[in-house]
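Got the model open in your viewer? Here is a short walk through it, one selection at a time.

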Amino acid sequence: MDDDPDDEATSARTYRHDPAQVAVLAQLADRACDGVTDIHDAGTRIPAIAAETASPVASAATAQLVNLFSYTLSVEAIAGQPGATLEPLDGPSFYPLALRDAGSDIRALWAGLASQVAHPIARARCHDIVFTLRLGQNNRNNRDHAEHAVGAYLDAVGGSLRRREQSYGLVRAWTLTRSVGLNSLEPQVITAMMDMAELVINQTEDPHAALPLLAALTAWRPKATRPTNPRAHALLDQGLTTYSQSRIISEFATLIRARAADDPPRVEHASRVEVGAFLADAETSTDGLVVRARLNEAASLARKLGIKDLEQQATARLQAAPPVEWTTFTSPDIELPEFYVRTFLHPFRHASTWREALAAWFATDCPTGRYENNKVIAQGNLGQSVMWRLATRVVFDENDLPRRVTVSEADALDEELVRVETHSMGTVGLILGKALDLIAARFGIPSQKDLAQFITSSGTRPAFAETLATSLRLYWVREYTASVHLAAPEVEAATRALLLELNEPVYRTAVGNSTGQFPGLGALLPSLVDNGFDPDWERFLRTLLLSDGSNVRNRVAHGFMDDVDWNTAALVLRACALMVLITGSDAAGRDHAAVKTALARPTPRPRQRSPWRRWANALRAAYLEVRRP
């Protein structure tokens, strides 16, 4: 498979259907599904399997099979009408191609595969697509495809797919049975859903494999007698007290309140358990910041739910907690495509531990994107207007004094480059923040000791690890200003430490009455670049921290950053983590080659980027291209 998503998308859209190839492609699809734990993994295996096949397969055809397994089952678990849909159904969608945007050749392939694939995963996907797009010859034929899809989703239960994937498949099967009136299959689907929800909760497995099932099973139906499905309601109550994480308890309580509105005692019990979970978090925590955050959440929730005694209890404990100044921040008004956000957050939704999720966060790509690509975009923007290139522009700082004046065409290009990078940075910063919030929501806030030990395992200095750990924990309790004030200076400290490892002559010796000192970050970065530092990341640090761009370093140093938003905080943490994790434990611990290797590849990068990474990069590039003026 090519590394370039543009080539992959082009192959998918230029496919020409050959009925003689369908049997071979069906075999490829079946083989790709064997043993996978995630449906999307089947697509990633297609190219390698195709290369081993005796019969040659066109690259456009294999690209279509990759595309086939790239669609996502979107499941509504709590809010709104329960059910599952196959997405993206409508465009615009850069990758995968929106279902309704598929041409006749691609639709012919999907219809042909539906009649020949054998593996339950492949059958479910193909028949579901054929039904969704009404590719059957008539209504009866389309109904048959829905029935085949339901049967395949049932057959996939107990297979290799992770429990959440099987759960989503059952919710989709439930949705299909209701949409076309498959009354003979509905009891079988409901039984499978109930059994899986019970298994998940009894074994304290992934709660998000149970919640969508229970949301569907307890949904009110006009012709049904309430309460619907008593066994499902009992499982909701059981799940409320099975899981210890306060965020998970909140999801069960929210669903119970939505489903038991006519049972006030049950609703009050669920609400009390939910508030009690946050109080328990505060009780078991020894960290003042975490205690304050949990008590504040408990008091707010109790007030919202009208539980006066618990509100008073939480408030009293909050007043006695160590004082912390809280500030409310409003995120920038940027509408991100939902599918792009889900794609970016995929590793964080499926990580099994906070360590695995945080390691994925530490490995995320450069927020400003590719330097070379940004230069091309900036040059194109300036080329559209002579006045934009030649006009004098003045940038003012917080103190109402001019910080930068643009007079030459070269200056205009530099400023436009910064503008392009800042726009990309702002978009990615929003999702980096969402990823951090998701880690805390799923696993809770790690202790200072555990977090520092995990960061130290990278080989960095313990002092750097402690600072980064504290900054992350401050972020998680929404102390964004404190987090940034701690993390931003550490970027410069780590940069200085890397140059000392290389024994670069960066120290300015005393001359006359002047004091010897190290120069600032702006003077240190060129030395890093001379030693092979990745130019994409150098641009990110420069645009985020220096006066060329957002000027966070100087604003922190001079007291102008007392109202930090979560987007900026996430970006500063990403910059801090980048530099901290590539420093050595001491200046003499590594040879120069090891340091330069770390500088050239500051984040782990496999020889071939994963499909998730390539799709996320391609989606971001397309989104930014659409939004840029």
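Start by selecting Ser-250: it is buried, because its relative accessible area is 12% and the cut-off for buried is under 20%. Keep in mind that this is a predicted model. Show what sits around the side chain and backbone: leaving out residues up to four places away in sequence, Ser-250 touches Glu-274 and Phe-278.

Now widen the selection to residues 246-259, which make up helix 12, the home of Ser-250. Try a distance between the end C-alpha atoms: they are 20 Å apart, which agrees with the 20 Å that 14 residues should span at 1.5 Å a residue.

How many of the residues of helix 12 are buried? Colour by accessibility and you'll find 10 of the 14, so the helix is mostly covered given the under-20% cut-off. Among them are Ile-248, Ile-249, Glu-251, Phe-252 and Arg-259.

What does the covering? Bring up helix 9 (186-202), helix 10 (207-217), helix 11 (230-242) and helix 13 (264-284); the cover over the buried residues of helix 12 includes these four.

Next, stay on Phe-252 and zoom out. The largest nonpolar core has 89 residues, and Phe-252 is one of those touching the most other members, along with Phe-69, Trp-110, Leu-113 and Leu-214. Click on Leu-113 from that group: beyond residues up to four places away in sequence, Leu-113 touches Val-22, Leu-25, Ala-26, Leu-65, Leu-68 and Cys-126.

Last stop: select Leu-345, Leu-358, Leu-578 and Met-579, which belong to a second, separate core of 79 residues.

Key: Residues are numbered from 1 along each chain as its sequence is written. This is a predicted model: local features need pLDDT of at least 70, side-chain atom pairs count only at pLDDT 80 or more; totals for chains, interfaces and linings use all residues. Side-chain values use heavy atoms; hydrogens and water are left out. Helices (H or I, at least four residues) and strands (E, at least two) are DSSP runs, numbered from the N terminus. Buried means under 20% relative accessible area, exposed over 50%, partly exposed in between (1.4 Å probe, protein chains only). Contact means heavy atoms within 4.5 Å. A nonpolar core is a set of buried Ala, Val, Leu, Ile, Met, Phe, Trp, Tyr and Cys residues joined through side-chain atoms within 4.5 Å. The expected span of a helix is 1.5 Å times one less than its number of residues.
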